[in-house]
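Open the model in your viewer and keep the selection tool at hand. The stops below each begin with something to select.

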Amino acid sequence: MKIKFLLIALLISFRLFAQEDYARTIVKELASKKYHGRGYVFDGDGKAAKFLVKSFKKLGVGPLTTEYYQDYYFSANTFPKASKLSINGESKRLGYDFLIDAACPTVVGNFPLKAFTLPVGDTTVLKNALTGLDNTFLYIDEQESLKKLSADQYKAAVEYLKNNGNQAGTLINSTQKLKWRALTYQHKKPVLYTQNTALPVGTTNTIAVNVTAKLVNPHKTQNVCAFIKGTGSSDSTVVITAHYDHIGGIGKDVFFPGANDNASGTAMLLALCKYYSEHPPVYDMVFLAFSGEEIGLLGSTYFAANPLIDLKKIKFLLNLDMAGTGDDGIQVVNGTIFKDQFERMVALNKREGYLPQVLVRGPMNRSDHFPFYEKGVPCFFIYTLGGIDAYHDVYDKYETLPFTNFTNYHNLLRDFINEL
């Protein structure tokens with residue numbers, strides 16, 4: 001009898017390990033340099049899409065329609081060459097000491113660097129303050145500026161400098177973490193961000209900048225869509241979504257791995273797909289891996305506007321983003337809207353003790369559930385809480401992603417889906 005229980009325990013442990021181990025292989029692959037941040041330079045998103053198709057095929061899961069891809073297009077500002085910055089002859093490390101604005105245009109040269117005080121007033125006052133600073137880079141200390149300007153005033157001033165004036169560009173010294181993003185356009189004026197660069201107001205220094213930007217229009221990309229036929233008679237569909245893209249990189253050597261955001265959510269989507277390929281679901285299941293999330297929810301918006309399924313037949317949609325921690329549980333966006341489903345998830349978690357907590361949040365428009373929510377599709381957007389704080393930076397990498405509660409989170413989602 002003891003041997004029987006031991007074998008059962010070992011089998012359960014193996015299954016749990018295999019589940020997390022599978023997810024780790026997915027994240028390790030997608031967060032590797034090969035995919036260059038899964039952005040819009042060096043075909044990062046295209047290579048990731050091919051990997052996803054290969055993964056679905058390995059699981060024996062077919063395409064949603066005649067093929068896995070749903071192609072669409074957008075413009076993307078890209079940086080195919082390494083960006084360089086030095087101040088008073090001291091070189092700064094890209095990604096660690098400085099970043100360029102994602103909408104930065106090409107700028108190459110040596111310029112005077114003038115410590116500049118943002119004036120209090122409207123854009124006319126700012127325009128006048130720029131007199132005599134032609135072909136000069138402005139240095140702005142964010143923390144000092146916010147001592148006399150409100151956050152909105154400061155933001156408006158910086159936005160003005162991105163497209164107006166005769167200055168060569170702007171260097172902003174900030175105490176904020178250096179984070180990047182992806183954008184579909186270019187500003188007229190370059191803006192760069194740095195940390196730990198103190199320049200007294202009124203002093204003139206030197207700056208050397210080398211940034212090569214290329215606005216790609218159109219950039220061809222794709223959603224990746226897979227399907228598992230349900231065993232029941234209902235024509236309702238359960239949809240699992242996650243964005244597989246991230247913010248890419250700058251040049252060949254610096255990229256943003258995006259292990260938690262959102263290789264982890266993509267891994268959870270594939271782990272659920274793996275489970276249901278082995279345990280056929282009652283309802284039809286659709287798995288949608290979106291590109292274009294980081295540049296404005298473009299993939300999910302395109303699918304919602306050009307659906308490959310009847311949106312009215314979606315029983316529930318789960319959008320998964322940043323699934324790699326869970327030390328403090330999960331946050332469920334739209335939980336205040338779809339109260340019955342949220343309470344069911346809370347009850348399941350309490351019964352099984354999967355996660356420390358399941359927290360509720362109201363609607364928000366910052367992830368791929370939202371284009372579907374706008375069309376009346378019942379949905380949650382869920383992300384894990386706690387653990388590492390790496391986000392949109394060079395530190396969001398596989399090696400430091402803890403996968404704290406990945407298996408328990410997976411099992412909670414599985415139980416929730418099975419009880420819909």
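In which loop does Met322 lie? Select Met322 and follow the chain both ways: Met322 lies in the loop between β16 (314–320) and β17 (330–333). Before going further, note that this is a predicted model.

**Stop 1: around Met322**

Keep Met322 selected and add Gly265. The two are 57 residues apart in sequence, yet 5.4 Å apart in space, C-alpha to C-alpha. Now show the other contacts of Met322. Not counting residues up to four places away in sequence, Met322 touches Asn260, Asp261, Asn262, Ser264, Gly265, Tyr383, Thr384 and Tyr391.

Two of these contacts, Asp261 and Asn262, deserve a look at the backbone. The peptide bond that joins Asp261 and Asn262 is cis, with omega about 0 degrees. Asn262 itself has its place in helix α6 (residues 259–278).

**Stop 2: a second cis bond**

Go to Asn217 and Pro218. They too are joined by a cis peptide bond, here with omega about 10 degrees. Pro218 belongs to strand β11 (residues 214–228).

**Stop 3: the largest pocket**

Return to Tyr391, one of the residues that Met322 touches. Select it together with Lys179, Trp180, Arg181 and His392: among the 39 residues that line the largest pocket, these five lie nearest its centre. The volume of the largest pocket is about 1,200 Å³.

Next colour β5 (98–100), α5 (151–163) and β19 (379–384), each of which supplies at least two residues of the lining. Which element gives the largest share of the lining? That is α5, with six residues. Coloured by class, the lining shows 20 nonpolar, five polar and 14 charged residues.

**Stop 4: the eight-stranded sheet**

β5, which you have just coloured, also belongs to a sheet. Select the strands in the order β4-β3-β10-β6-β7-β8-β9-β5: this is an open sheet of eight strands with mixed pairing. At its edges are β4 (90–92) and β5, each pairing on one side only. Look along the sheet for the twist, which averages 25 degrees from one strand to the next.

Strands of a sheet pair through backbone hydrogen bonds, in a parallel or an antiparallel sense. For one pair in this sheet, select β7 (residues 137–141) and β8 (residues 169–173). These strands run parallel and are joined by five bridges. To check the register, start from Leu138, whose bridge partner in β8 is Thr170.

Then step back along the chain to Asn135, in the loop between α3 (123–129) and β7. Asn135 is not a glycine, but its phi is positive, at about 60 degrees.

**Stop 5: strand β12**

Select β12 (residues 237–243). Why is this strand described as largely enclosed by the rest of the structure? Seven of its seven residues are buried, so β12 is largely enclosed. In a regular strand, side chains alternate between the two faces of the sheet. Show the side chains to see the two faces of β12: Thr237, Val239, Thr241 and His243 are on one side, Val238, Ile240 and Ala242 on the other, and all are buried.

Now add the partners. Strand β15 (residues 284–290) runs parallel to β12, and seven bridges join them. The bridge partner of Thr237 in β15 is Asp284. β12 also pairs with β16 in the parallel sense, over five bridges. In this pairing Thr241 stands opposite Asn319 of β16. From β16 you can find the loop that holds Met322 again.

**Stop 6: helix α1 and the loop after it**

Last, select Tyr22 in helix α1 (residues 2–30). Is Tyr22 buried or exposed? Its relative accessibility is 16%, and because buried means under 20%, Tyr22 counts as buried. Leaving aside neighbours within four places in sequence, its contacts are Leu59, Leu270, Ala271 and Lys274. For a distance check, pick Lys58: Tyr22 and Lys58 are 36 residues apart in sequence and 12 Å apart in space, C-alpha to C-alpha.

Move on to His36, in the loop between α1 and α2 (44–58). Its phi is near 50 degrees, a positive value in a residue other than glycine. With 5% relative accessibility, His36 counts as buried.

Definitions and conventions
Residues are numbered from 1 along each chain as its sequence is written. This is a predicted model: local features need pLDDT of at least 70, side-chain atom pairs count only at pLDDT 80 or more; totals for chains, interfaces and linings use all residues. Side-chain values use heavy atoms; hydrogens and water are left out. On a 1 Å grid over the protein atoms alone, a cavity is a set of points where a 1.4 Å probe fits but cannot get out, and a pocket is an open set with protein on both sides within 12 Å along at least five of seven lines; lining residues have an atom within 4 Å of a point. Grid points are joined across faces, edges and corners, and a volume is the space filled by probe spheres set on the points. Helices (H or I, at least four residues) and strands (E, at least two) are DSSP runs, numbered from the N terminus. Ala, Val, Leu, Ile, Met, Phe, Trp, Tyr, Cys and Pro count as nonpolar, Asp, Glu, Lys and Arg as charged, and the others, Gly among them, as polar. Two strands pair if DSSP finds at least two bridges between them. Axes are lines fitted to C-alpha atoms, for helices over the stretch in contact, and angles run from 0 to 180 degrees between N-to-C directions. Buried means under 20% relative accessible area, exposed over 50%, partly exposed in between (1.4 Å probe, protein chains only). Contact means heavy atoms within 4.5 Å.
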